[in-house]
Amino acid sequence: MEGKMTAERALESHLRQGERVCWQSGTKAFPLLEKGESWKIIGKWIGTVAAAAALLALYTGQGREWSVKAVAVILLIAVLMLLSPVIERYSLLGQRYWITDQRAILMTRDQTFYYMELLEIDDFQLLRDRTAGDCLVLGGCLFEEVDRQLRWRACHPKTDIQNDSQRGLAQGLAFFSVEDGAKAAECLRRCRAA
């Protein structure tokens, strides 16, 4: 197969018979250092550099012969930590979101699907002014987490790792920086009430 399937074709293979799409969006472009996240990311970068420098100084300054492999591992971990916000942004920009008459569906950049049955969504929040677009958080289990780690949670839907029988079934989803989040919230209210 040449490349990845289009999002619409990939979705078609996951829709149930008779299931109808009511709303859809992708992640709206947003800056890496957007408001609310910039100091968290800068703090992470400063902390990573400081911790890596301290570990290297402690390890190499003990007066004994040191291993190049150990130094390389410390540097590799530091580089991955420094790149993690960039990788997270790249992942988010490749996500797609749908609300059907039965489910809320998230497709990651690598075309992994996660979903929540509309009748199983206990609560949702529409967050405005956090990103370039609106963020729709589905599932009350995520409400406490999104203040600290909205981007991370948007990349990693909350699933029940103990239950492998229903692949992709999520307990909480975050639709990050979407177009017209108010329409999505209204669609959720309408579909859940029907």
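Are Phe-30 and Phe-176 buried or exposed? Both are buried, and in this predicted model they make a handy way into the fold. The two rings meet edge-to-face, with 5.0 Å from centre to centre and 65° between the planes. Phe-30 sits in the loop between β1 (21-26) and α2 (38-60) while Phe-176 belongs to strand β8, so the pair ties together parts that are 146 residues apart in sequence. Phe-30 has another partner too: the charged end of Arg-89 sits over its ring, 5.5 Å from the centre.

Let's step back to the whole chain. There are 5 helices and 8 strands, and reading along the sequence you get α-β-α-α-β-β-β-β-β-α-β-β-α. The C-alpha trace spans about 70 × 40 × 35 Å along its principal axes. Of the 194 residues, 40% are buried. Take the contacts between residues at least 6 apart in sequence, and 65% of them join residues at least 24 apart.

Now for the inside. The largest nonpolar core has 33 residues, and the ones touching the most other members are Ile-99, Leu-136, Leu-138 and Phe-175. Two or more residues each come from β2 (96-100), β3 (103-107), β5 (124-127), β6 (134-138), α4 (143-155), β8 (170-178) and α5 (181-193). Strand β8 gives the largest share, with 6 residues. For a view from the inside, pick Leu-136: beyond its neighbours within four places in sequence, its contacts include Ile-99, Phe-124, Leu-126, Leu-173, Phe-175, Ala-184 and Leu-188. A separate second core holds 8 residues, among them Ala-7, Ala-10, Leu-11 and Ile-105.

Back to the rings for a moment. The structure has 4 aromatic pairs, and ring pairs link Trp-23, Tyr-97 and Phe-175 into a cluster. Elsewhere, Arg-103 puts its charged end over the ring of Tyr-115, 5.0 Å from the centre.

Finally, have a look at α4, which is an odd one. How far does α4 span between its end C-alpha atoms? Only 15 Å, where a straight helix of 13 residues would span 18 Å. The helix also bends, by about 115° at Gln-149. Its buried residues are a mixed bunch: Phe-143, Val-146, Leu-150, Ala-154 and Cys-155 are on the list, and so are Glu-145, Arg-151 and Arg-153.

Technical notes:
Residues numbered from 1 in each chain as written. Predicted model: local features only at pLDDT ≥ 70, side-chain atom pairs only at ≥ 80, totals over all residues. Heavy atoms only, no water. Core = buried A, V, L, I, M, F, W, Y, C linked by side-chain atoms within 4.5 Å. Buried < 20%, exposed > 50% of the residue type's maximum accessible area, 1.4 Å probe, protein only. Helix = DSSP H or I, 4+ residues; strand = E, 2+ residues; numbered from the N terminus. Contact = heavy atoms within 4.5 Å. Phe/Tyr/Trp six-rings, centres within 6.5 Å; stacked < 30°, edge-to-face > 60°. Lys NZ or Arg CZ within 6 Å of the ring centre and 35° of its normal. Expected span 1.5 Å × (residues − 1). Bend = angle between axes of the 7 residues up to and from the residue.
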